[in-house]
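This briefing is meant to be read beside the coordinates. It takes up one acidic residue and its surroundings, and then turns to the ligand and the residues around it.

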Amino acid sequence: MQPEFISGEHGQRLTEIVGKDQIEGVLKSFANPKTTSFRINTIRGSVSETISAVENLGVTPSPVAWCEEAFLIPPEQRSRLTHSELADDGSIYVQGLSSIFASTVLRPEPEQWNLDLASAPGGKASHMAALMDNRGKLSVVEPIKPRMYRLADNLKRLGVTISRTYLMDGRKVGRKVPDRFDCVMLDAPCSSDSRIRADNPDSWKFWSERKVREQARKQKGLIVSAFQSLKPGGTLLYCTCSFSPEENEAVVSHLMDATDGDATPLPIEMPFDNWQPGINSFRELEFDDAVSYSRRVLPNEHFDAFFLARFTKQRPNRSS
Ligand SMILES: C[S@@+](CC[C@H](N)C(=O)[O-])C[C@H]1O[C@@H](n2cnc3c(N)ncnc32)[C@H](O)[C@@H]1O
């Protein structure tokens, strides 16, 4: 039995987004326990050595086919991992599978200069640094001071030596450093309804359509800034852990409008089945055709809901 919020008004909204065929699986995923996913931090040690140390904790990791450094364990083994020395010393990082997937889609490489525009607590930034083999430069931005300190601490604990942390509003970055970065990650602040758990009313206490609208306004500013900061030929990944089309397809459409053809959507290869393409319209909103390249990850026993859109840039900013 789902609580009123999920089965009622919000459930109706979700049905309009994912469709009648998928809604049951989505609602189930709010109620059922999830496997715990984690990433071996290859900056600290090799996958083979670290996974043996993980097995010595008495857990039974299974590999994730599309990411060499990612593994899953059953939910009841989670605390053995989170309370381990391997977590404390940064050999492993417990991270949602959708979040791990995001950095593999962006695919940063060694020796690039890359940016994470909304970075705390640093899960994706530290994965980007590992994929870059801790070589090159990684700029990370976070405007909330305590979160920025936590981000800097996490990156240090995980052995990231290529990052520089900036306390600032991401909406200002594009004008400050136009046409600069090879890869830009924008894992935007959002209304986070993928985090809803049926047994925890606190998990939806702060969700409202007003919050969705507020976040959407901020996300539109952030995505334009992220795009301005991208080098021509570079790659931008926009993602959220929200189901809301206002925070996803509408933000993609805003970028396409605001950049007047300079942003080109890129396909995203999906190595698993639980996803849908972006939707063309939602209630009174109509979206740009570019949303057909976007992907909405549907939640299940392994994944949280997630939205991803990838772009490249054709030419330098017109004003620069
Ligand atoms: C979804 S979280 C990022 C999670 C992170 N990428 C990770 O994988 O660990 C979004 C972050 O954006 C930050 N944020 C909020 N407003 C922002 C802004 N105007 N510019 C940049 N970041 C912002 C939030 O404080 C939060 O830390």
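D116 belongs to strand β5, which spans residues 113-116, in what is a predicted model. The residue is buried and nevertheless takes part in no salt bridge, and K124, named below for its distance to D116, also has a place in the account of the ligand.

**Surroundings of D116**
- The nearest side chain of opposite charge to D116 is that of K124, at a distance of 7.2 Å, whereas a salt bridge would require a side-chain nitrogen within 4 Å of a carboxyl oxygen.
- A polar atom in the side chain of D116 does, however, lie 3.4 Å from the backbone nitrogen of A118.

**Polar contacts of the ligand**
- In the side chain of E142, an N or O atom is 2.6 Å from an oxygen atom of the ligand, and a polar side-chain atom of K124 is 3.0 Å from a ligand oxygen atom.
- The backbone also contributes, since a polar backbone atom of P121 lies 3.5 Å from an oxygen atom of the ligand.
- On its own the ligand has 600 Å² of accessible area, of which the protein covers 89%.

**Shell around the ligand**
- The ligand is surrounded by 20 residues, and those that come nearest are E142, R147, G170, D187 and K218.
- Sorted by class, the shell comprises nine nonpolar, four polar and seven charged residues.
- Helices α8 (123-131) and α11 (209-229) each provide at least two residues of this shell.

Definitions and conventions
Residues are numbered from 1 along each chain as its sequence is written. This is a predicted model: local features need pLDDT of at least 70, side-chain atom pairs count only at pLDDT 80 or more; totals for chains, interfaces and linings use all residues. Side-chain values use heavy atoms; hydrogens and water are left out. A residue is near a molecule or strand if one of its heavy atoms lies within 4 Å of it. A polar contact is a pair of N or O atoms within 3.5 Å; within protein, one must be able to donate a hydrogen and the other to accept it, and residues adjacent in sequence count only if both atoms are side-chain atoms. Accessible areas come from the Shrake-Rupley method with a 1.4 Å probe; for residues, only the protein chains shown count as cover. Helices (H or I, at least four residues) and strands (E, at least two) are DSSP runs, numbered from the N terminus. Ala, Val, Leu, Ile, Met, Phe, Trp, Tyr, Cys and Pro count as nonpolar, Asp, Glu, Lys and Arg as charged, and the others, Gly among them, as polar. Buried means under 20% relative accessible area, exposed over 50%, partly exposed in between (1.4 Å probe, protein chains only). Lys and Arg count as positive and Asp and Glu as negative; His and the chain ends are not counted.
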